[in-house]
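Reader: I would like to go through this model step by step. Please show the sequence and structure before we start.

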Amino acid sequence: MSPLLRRRSRKSPAERTVTLIGKPGCHLCDDAREVIKKVCEETGAAWDEKDITADEALHSAYWEQIPVVLIDGEQHTFWKVDPDRLRRALVR
């Protein structure tokens, strides 16, 4: 069967990880953290946080976009986190 016709296996929200990339003292990061906490509690997804001031590679990649949200290592959004969009991404 062609790879284009194969269905991807879907992960349940409990198998997904949301990562917030930000820095201390960032009010947008604080707002994003609250949205992520709430949505992850609702869906059962895990979440973690990474500080760009402690990681040169993250700083180089994301310093102009923080807060950045990744889902399973892939960028989902930056600056402002829409709770409905995040929730849909986790349950699809």
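Reader: How many disulfides does the count come to?
Author: The model is predicted. A disulfide needs a pair of cysteine sulfur atoms within 2.5 Å. By this rule, the number of disulfides is zero.

Reader: Is C29 buried or exposed?
Author: Buried means under 20% relative accessible area. C26, with 11%, falls below that cut-off and is buried. C29 has a relative accessibility of 0%, so C29 counts as buried.

Reader: How many salt bridges does the count come to?
Author: The rule asks for a side-chain nitrogen of Lys or Arg within 4 Å of a carboxyl oxygen of Asp or Glu. K11 and D72 meet it, with their closest N and O atoms 3.7 Å apart. Counted this way, the salt bridges number seven.

Reader: Which residue forms a salt bridge with D72 at 2.9 Å between the closest N and O atoms?
Author: D72 sits in the loop between strand 3 and strand 4, and its partner in the segment before strand 1, so the pair ties together parts 56 residues apart in sequence. D72 itself is partly exposed, at 29%. The partner is buried, with a relative accessible area of 14%. At 2.9 Å, the residue bridged to D72 is R16.

Reader: Which residues are linked with D72 in a network of salt bridges?
Author: D72 bridges to R16. D72 also bridges to K11. K11 is partly exposed, with a relative accessible area of 43%. The residues networked with D72 are K11 and R16.

Reader: How far apart are the closest N and O atoms of R33 and E49?
Author: R33 lies in helix 1 and E49 in strand 2, so this salt bridge ties together parts that are 16 residues apart in sequence. R33 is buried at 17% relative accessible area, while E49 is partly exposed at 37%. Their closest N and O atoms are separated by 2.7 Å.

Reader: What is the handedness of the β-α-β unit made by strand 1, helix 1 and strand 2?
Author: Strand 1 and strand 2 run parallel and are joined by six bridges. Helix 1, residues 27–43, completes the unit with these two strands. The unit is right-handed.

Reader: In which sense do strand 1 and strand 3 pair?
Author: L20 stands opposite V69 in strand 3. For comparison, I21 has K50 in strand 2 as its bridge partner. Strand 1 and strand 3 pair over four bridges, and the sense is antiparallel.

Reader: How many of the six residues of strand 1 are buried?
Author: Strand 1 covers residues 17–22. It has pairing partners in strand 2 and in strand 3. Strand 1 is largely enclosed by the rest of the structure, because the number of its residues that are buried is five.

Reader: Which residues make the nonpolar surface patch of about 270 Å²?
Author: A patch member needs over 30% relative accessible area. W79, in the loop between strand 4 and helix 3, has 46% and counts as partly exposed. The patch is made by L28, F78 and W79.

Reader: How far apart in space are K80 and G44, C-alpha to C-alpha?
Author: K80 lies in the loop between strand 4 and helix 3. At 67% relative accessible area, K80 is exposed. K80 and G44 are 36 residues apart in sequence, and their C-alpha separation in space is 21 Å.

How values were computed: Residues numbered from 1 in each chain as written. Predicted model: local features only at pLDDT ≥ 70, side-chain atom pairs only at ≥ 80, totals over all residues. Heavy atoms only, no water. Patch = residues over 30% accessible without salt bridge, like charges linked within 9 Å, V, L, I, M, F, W, Y side chains within 5 Å. Areas by Shrake-Rupley, 256 points an atom, 1.4 Å probe, with all protein chains shown as cover. Buried < 20%, exposed > 50% of the residue type's maximum accessible area, 1.4 Å probe, protein only. Pairing = 2+ DSSP bridges. Right-handed = clockwise from strand over helix to strand, strands pointing away.
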